[in-house]
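Open the structure in your viewer and keep the selection tool at hand. The tour goes from one selection to the next and says what to look for at each stop.

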Amino acid sequence: MKTITTALSAATFALSLTSTQVSADMQTETVEYTVNGDTFTGYLAWDDDVEGQRPGVLVVHEWWGHNEFARDQAEKLAQAGYTAFALDMYGSGKVADHPDDAKQFMQEATSDIDNIKSRFMAAMELLQAHDSVDGDRIAAQGYCFGGAVVLNMARMGVDLDGVVSYHGALGSPIKAEAGKVNARVQVYTGGADQMVPSDQVAGLVREMQDAEVDLTLVSFPGVMHSFTNPEADRIGKEFGMPVGYDKAAAKRSWDGTLRFYNDIFAE
């Protein structure tokens, strides 16, 4: 266990790094840090076998909070050759098992967009500072709540190479403006997602087209909300929610994401 304290422009971090070795070359660290006096817990993953600095990818969790699913995505990205940081948008210990708690955590977090941005930027600076990362090549991907977060960061002009939204809300009071969006945008949504209806999909296309944003959007026919998460079927049955895992859509979206990263980071 080691502790690092560093001052950054947006926040001060008190980092507690617990390093573990997942495989022969995979390294992970559980990271405790503070933003505006609140404590958060994130998860770094990278592959020591990859030589030199490589792009970094931020992973923003579903409305359940920073859980094993988010960490699994970070490890998958590390296996693909990136350094990934599964950040925390709610605060340490705020992980929900029930939709009522998840809704409360999400509403608390989204009540102030400035707080959302400061938490995102703090995690981004932490990732950029990692020894394995080329700080000029950063992307972000998010799931459900996290998908909406990364889209809003793109709308707000955060200096990202690209963002990927999986089954995230597509409507927002924040609107993209021509010349202000730096990131290329990729969106995966389910055609049967009751939480992201077709008018939201059409609205996003109009918004991004009017703002001259490079957008790729894939809609999977018959696929429901949370299609990337293998736990979605259980959650749907337990809580009567219109969610469901779709193996084919999960694979196609993941493969498309890796092609997207290969493209944007090669530029």
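How many bridges join β4 to strand β6 (residues 83-86)? The count is 3, and the two strands run antiparallel. Keep in mind throughout that this is a predicted model.

**Stop 1: strand β4**

Select residues 38-47, which make up strand β4. Of its 10 residues, 8 are buried, so the strand is largely enclosed by the rest of the structure. To see one link to β6, pick L44 and then F85, its bridge partner in that strand.

Now add strand β3, residues 26-35. β3 and β4 pair in the antiparallel sense, over 10 bridges. One of the paired positions is V35, whose bridge partner in β4 is D38. The two strands form a hairpin, with 2 residues between them. Click on N36 in that turn: its phi is positive, about 50°. While the side chains are shown, remember a general rule: in a regular strand they alternate between the two faces of the sheet.

**Stop 2: an aromatic pair and its cluster**

Next, select F69 and Y143. The centres of their rings are 5.2 Å apart and the planes stand at 85°, so this pair is edge-to-face; the cut-off for that label is over 60 degrees. The pair links distant parts of the chain, since F69 belongs to helix α1 (residues 68-79) and Y143 to strand β7 (residues 133-143), 74 residues apart. Are these two residues buried or exposed? F69 counts as buried at 11% relative accessibility, and Y143 is buried too, with a relative accessible area of 1%.

Extend the selection to Y166, Y188, F220 and F227. Together with F69 and Y143, they form a cluster linked by ring pairs. A search of the whole structure finds 14 aromatic pairs.

Then show K76 and W254. K76 lies over the face of W254, 4.0 Å from the ring centre.

**Stop 3: helix α4**

Select residues 145-155, helix α4. How many of its 11 residues are buried? The answer is 11. Among them are G146, V150 and M153. Just after the helix, G157 takes a positive phi of about 85°.

Stay in α4 and pick R155. R155 is buried, with a relative accessible area of 4%. The side chain of R155 makes a polar contact of 3.0 Å with the side chain of N152 and another of 2.8 Å with the side chain of E207. Leaving aside neighbours within four places in sequence, the residues in contact with R155 include L170, S172, K175, V181, L204 and M208.

**Stop 4: N229**

Finally, go to N229, in the loop between β10 (215-220) and α6 (232-239). Although N229 sits in a loop, N229 is buried, with a relative accessible area of 6%. Which residues does N229 touch, not counting those up to four places away in sequence? They are E62, F69 and Y245. F69 is the residue seen earlier in the edge-to-face pair with Y143.

Show the backbone of E231 as well. The backbone nitrogen of E231 lies 2.9 Å from a polar atom of the N229 side chain. As a last step, select R259: N229 and R259 are 30 residues apart in sequence and 20 Å apart in space, C-alpha to C-alpha.

Conventions
Residues numbered from 1 in each chain as written. Predicted model: local features only at pLDDT ≥ 70, side-chain atom pairs only at ≥ 80, totals over all residues. Heavy atoms only, no water. Helix = DSSP H or I, 4+ residues; strand = E, 2+ residues; numbered from the N terminus. Buried < 20%, exposed > 50% of the residue type's maximum accessible area, 1.4 Å probe, protein only. Contact = heavy atoms within 4.5 Å. Polar contact = N/O pair within 3.5 Å; in protein donor to acceptor, adjacent residues only side chain to side chain. Phe/Tyr/Trp six-rings, centres within 6.5 Å; stacked < 30°, edge-to-face > 60°. Lys NZ or Arg CZ within 6 Å of the ring centre and 35° of its normal. Pairing = 2+ DSSP bridges.
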